[in-house]
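The following exercises concern the arrangement of a two-part protein chain. Please work through each task before reading its solution.

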Amino acid sequence: MNVPSSAPRSNIPDMPSVDDLLPYLRQIDENRWYSNFGPLAQTFETRFAQRMEKAHKLPDKTLSCVGLASGYQALTIGLRLLGVVPNDKVLIPSVTFPACPLAAAPLGAEAILSDVDPQTWTLTPEIARQAASKMKLAAVMSVCVYGFPLPAEEWDAFSRETGVKVIIDAAAAVEAQKYPETCLVAHSLHALKPFGIGEGGLLVARDPDLIQQARERINFGMKDHITYQTGENAKMSEYHAAVGLAQLTRWEDIKKRRQKIYETYKLFFESLQDLTSIHPLLEKTIASSLMISLKEGNALEVFNRLQQQNVAVHHTYLPPLYEHPAFAGLEVTGKEGANEIKHKALGLPFHAFLSDEEIGKIVQKLRESL
Ligand SMILES: Cc1ncc(COP(=O)(O)O)c(C=O)c1O
């Protein structure tokens with residue numbers, strides 16, 4: 001058996017215990033149904049949609065959703081549902097997880113790496129508008145980096161105005177991201193996300209037909225055992241749905257635990273105001289990581305100094321994707337914003353199991369490294 005490493009960890013999943021899971025696993029025993037849209041997966045989807053309707057004060061049955069095997073597959077299937085076909089151009093921010101451009105590859109679509117706004121660290125509708133005025137885009141994949149929510153109404157307006165379809169990758173922004181009227185929303189339920197189930201994803205839309213089509217696409221493109229269109233196996237198993245159901249009952253506590261850690265960091269950061277700050281958009285999400293911005297733009301040096309002091313510092317989503325060898329051939333619309341972020345963004349350890357004392361020590365080491 002592998003013994004977990006004692007090296008410091010930047011993120012530790014907040015997952016249900018065996019006892020939390022048992023009632024749901026017993027249901028699986030009774031049902032003898034393990035995948036293919038079983039009763040637990042269906043219940044999870046319904047309860048998740050209801051929970052989000054309540055959180056966003058939407059009328060009942062406004063949202064439809066389907067569970068998938070991963071967030072990556074939610075993006076690929078999402079692009080298929082938006083009608084992306086070979087050689088289509090899909091605009092994707094260059095500051096995000098590699099899953100985003102990789103999701104366009106199985107469709108034969110061309111990922112165009114977009115610059116991002118140096119304030120919000122995201123691909124904004126304004127940046128997408130500029131790109132759409134210069135090239136024919138089939139779709140935009142805008143991303144809630146670090147769980148930062150995106151302006152739903154503005155993306156709806158962009159889509160209506162330009163006719164370009166939009167998928168919002170709200171991987172780590174469950175509940176923080178509003179559900180726009182026209183855009184598809186994808187979530188990752190990877191263990192390291194605030195709403196983690198191990199491996200899994202969700203596609204959420206206001207249009208139930210789109211979600212029905214997603215069900216066919218994630219089951220080999222089949223309808224009544226006949227494959228009418230291309231598809232794959234990207235279904236959520238009953239075991240993962242069991243974890244999802246248990247997480248729904250823990251969700252309010254997960255949020256509280258994360259909020260407490262975030263508030264503690266905020267207090268410690270008050271004394272560092274002139275040198276660095278926590279990114280303001282963290283206030284608007286259920287934080288999955290503690291992203292800070294360094295006024296001096298010396299993130300790479302501070303990263304090395306903190307690492308030497310045994311702090312589990314990280315630069316998630318950096319360097320920008322155009323610096324990854326696998327994406328070297330992709331068209332890039334601009335690098336200025338992304339490059340600025342590369343030099344000022346830094347991630348500190350963030351999870352529910354940090355004590356006040358540990359947070360104090362991390363911030364003290366940061367102070368010494370600045
Ligand atoms: C922004 C973003 N998009 C997509 C993904 C892929 O999600 P998954 O790991 O569930 O496939 C991730 C995973 O970390 C992510 O951070």
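**Exercise 1.** How many residue pairs are in polar contact across the interface of domain 1 and domain 2?

*Solution.* The model is predicted: local features need pLDDT of at least 70 and side-chain atom pairs count only at pLDDT 80 or more, while totals for chains, interfaces and linings use all residues. Residues are numbered from 1 along each chain as its sequence is written, and side-chain values use heavy atoms, without hydrogens or water.

Step 1. The domain assignment gives domain 1 (18-246) and domain 2 (251-369); such bounds come from an automatic or database assignment.

Step 2. A polar contact is a pair of N or O atoms within 3.5 Å; within protein, one must be able to donate a hydrogen and the other to accept it, and residues adjacent in sequence count only if both atoms are side-chain atoms.

Step 3. The rule finds 14 residue pairs across this interface, both residues being at pLDDT 80 or more.

Step 4. Between the two domains the count of salt bridges (a side-chain nitrogen of Lys or Arg within 4 Å of a carboxyl oxygen of Asp or Glu) is two.

**Exercise 2.** Determine the area buried between the domains and the residues of domain 1 that lose the most.

*Solution.* Step 1. Buried area is the accessible area (1.4 Å probe) that two parts lose on being put together, summed over both.

Step 2. For domain 1 and domain 2 the value is about 3200 Å², with carbon and sulfur atoms giving 66%.

Step 3. On the side of domain 1, Leu113, Trp121 and Tyr146 lose the most area to domain 2, together 25% of what that side buries.

**Exercise 3.** Locate the largest nonpolar core relative to the domains.

*Solution.* Step 1. A nonpolar core is a set of buried Ala, Val, Leu, Ile, Met, Phe, Trp, Tyr and Cys residues joined through side-chain atoms within 4.5 Å. Buried means under 20% relative accessible area, exposed over 50%, and partly exposed in between (1.4 Å probe, protein chains only).

Step 2. The largest core holds 73 residues, of which Leu203, Tyr265, Phe269, Leu290 and Leu348 touch the most other members.

Step 3. Both domain 1 and domain 2 give residues to this core, so the core lies between them.

Step 4. Apart from this core lies another, of 50 residues, including Met52 and Leu189.

**Exercise 4.** Is Lys61 buried or exposed?

*Solution.* Step 1. Lys61, which is not a glycine, has a positive phi near 65°.

Step 2. Lys61 has 76% relative accessibility and therefore counts as exposed.
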